[in-house]
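Biologist: I would like a close look at a single part of this model, the largest pocket. Please describe its lining, then work outwards to the residues that tie the surrounding chain together.

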Amino acid sequence: MCGRYSLTTTPDLIIEHFQLLRQVKFQASYNIPPGQKILCIVELEDQSRKAVNLHWGLVPSWSKDAKNSAHLINARAETVREKPSFRSAFKQRHCLIPADGFFEWQKQETGKQAFHIHREDGQLFAFAGLWEQWQHEAETLYSCTIITTASTDLMQPIHARMPVIIPPEHYHHWLDKATGEDDAWALLENQAYSQMTSTPVSDWVNSPLHNDARCVEAMPIRH
């Protein structure tokens with residue numbers, strides 16, 4: 001799964017990386033948990049891209065209420081086309097979720113070791129995401145989820161699952177509503193992980209209330 005990530009870059013770098021035409025409003029964070037609004041990139045009808053803030057934890061349009069969003073922070077790539085919660089969004093509501101790293105915990109005899117997984121050059125990348133609109137009477141909620149897949153060789157020793165990363169050359173194809181369902185699903189491959197590395201970090205990141213550079217500071221692996 002992917003339940004925590006970091007985005008500590010500047011608005012200008014986000015605008016440049018995703019080729020946005022408008023200003024970006026977001027709160028830089030070393031430790032982003034589900035259940036709050038996160039920065040997402042969507043594509044408009046004229047193929048320009050816009051940064052929006054969506055609730056992390058997808059609420060299907062047919063849901064009776066918005067209380068169970070915590071259960072849908074991730075969507076499995078293997079079943080995303082069939083599962084009722086994500087089926088409609090996968091057909092027509094894709095987004096990119098900017099990040100500069102994410103966290104995963106490796107089970108060890110002495111407990112769990114936290115790792116920060118990031119690009120070797122420390123630059124931005126983007127998770128494959130879906131978004132949804134839920135409306136009930138006067139209340140409207142825009143929400144999103146991160147698609148996950150089976151781990152690569154890099155991630156396998158740490159965790160069996162990992163978020164899907166969309167390479168920049170495929171940003172438009174992922175966001176474009178005209179991309180066919182089969183072609184979109186084919187983009188959920190793992191080739192972007194060839195540029196990734198993992199860094200052991202301290203238990204400081206375990207609490208979602210901790211949000212500073214200590215969350216990503218390299219530490220020796222606990223034995």
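The largest pocket and its surroundings

Modeller: Helix α2 supplies three residues to the lining of the largest pocket, and this is the largest share. The model is a predicted one, in which local features need pLDDT of at least 70 and side-chain atom pairs count only at pLDDT 80 or more, while totals for chains, interfaces and linings use all residues. Residues are numbered from 1 along each chain as its sequence is written, and side-chain values use heavy atoms, with hydrogens and water left out.

A pocket here is an open set of points on a 1 Å grid over the protein atoms alone, where a 1.4 Å probe fits and protein lies on both sides within 12 Å along at least five of seven lines. Its volume is the space filled by probe spheres set on the points, which are joined across faces, edges and corners. The largest pocket holds about 260 Å³ of space. Its lining consists of 17 residues (an atom within 4 Å of a point). Glu43, Leu44, Leu175, Asp176 and Lys177 lie nearest the centre of the pocket. The elements that give two or more residues to this lining are β3 (37-43), α2 (84-92) and α3 (171-175). By type, the lining has seven nonpolar, four polar and six charged residues; Ala, Val, Leu, Ile, Met, Phe, Trp, Tyr, Cys and Pro count as nonpolar, Asp, Glu, Lys and Arg as charged, and the others, Gly among them, as polar.

Histidine 94 leads from this lining into the rest of the protein. Leu175, named above as one of the residues nearest the pocket centre, is touched by histidine 94. Touching, or contact, means heavy atoms within 4.5 Å. The other partners of histidine 94 are Val42, Ala89, Gly129, Leu130, Trp131, Trp174 and Ala184, leaving out residues up to four places away in sequence. Histidine 94 belongs to strand β6 (residues 94-99). Its relative accessible area is 9%, so histidine 94 is buried (under 20%; exposed is over 50% and partly exposed in between, with a 1.4 Å probe and protein chains only). Gly129 is 35 residues from histidine 94 along the chain, yet their C-alpha atoms are separated by 5.9 Å.

Phenylalanine 127 is in strand β9 (residues 125-136). This side chain's residue is buried, with a relative accessible area of 0%. Phenylalanine 127 touches Cys2, Tyr5, Cys95, Leu96, Ile97, Ala99, Phe102, Ile146, Pro163, Val164 and Ile165, again without residues up to four places away in sequence. Of these partners, Cys2 is 125 residues away along the chain, with 10.0 Å between the C-alpha atoms.

Histidine 118 and threonine 199 touch each other. Histidine 118 is in strand β8 (residues 111-119), and threonine 199 is in strand β12 (residues 196-201). Both are buried: histidine 118 has a relative accessible area of 16%, and threonine 199 has 17%. Besides threonine 199, histidine 118 touches Asp100, Gly101, Phe125, Gln195, Met196 and Thr197, not counting residues up to four places away in sequence. Histidine 118 and glutamine 195 are 77 residues apart in sequence and 8.5 Å apart in space, C-alpha to C-alpha. Threonine 199, on the same exclusion, also touches Ala114, Phe115, His116 and Ala218.

Two loop residues deserve a note for their backbone. Glutamine 19, in the loop between α1 (11-18) and β2 (29-32), has a positive phi near 55° although it is not a glycine. Glutamine 19 is exposed, with a relative accessible area of 58%. Glutamine 47, in the loop between β3 and β4 (49-56), has a positive phi of about 75° and is likewise not a glycine. Glutamine 47 counts as partly exposed, at 48% relative accessibility.

As for the whole, the protein has four helices and twelve strands, taken as DSSP runs numbered from the N terminus (H or I, at least four residues, for helices; E, at least two, for strands). Of its 223 residues, 51% are buried. Among contacts with a separation of 6 or more, 66% join residues 24 or more positions apart. The C-alpha atoms fill a box of roughly 50 × 35 × 30 Å along the principal axes. The radius of gyration is 17 Å, which agrees with the value near 17 Å for a compact globule of 223 residues; the radius is taken over C-alpha atoms, and the globule rule is 2.2 Å times the number of residues to the power 0.38.
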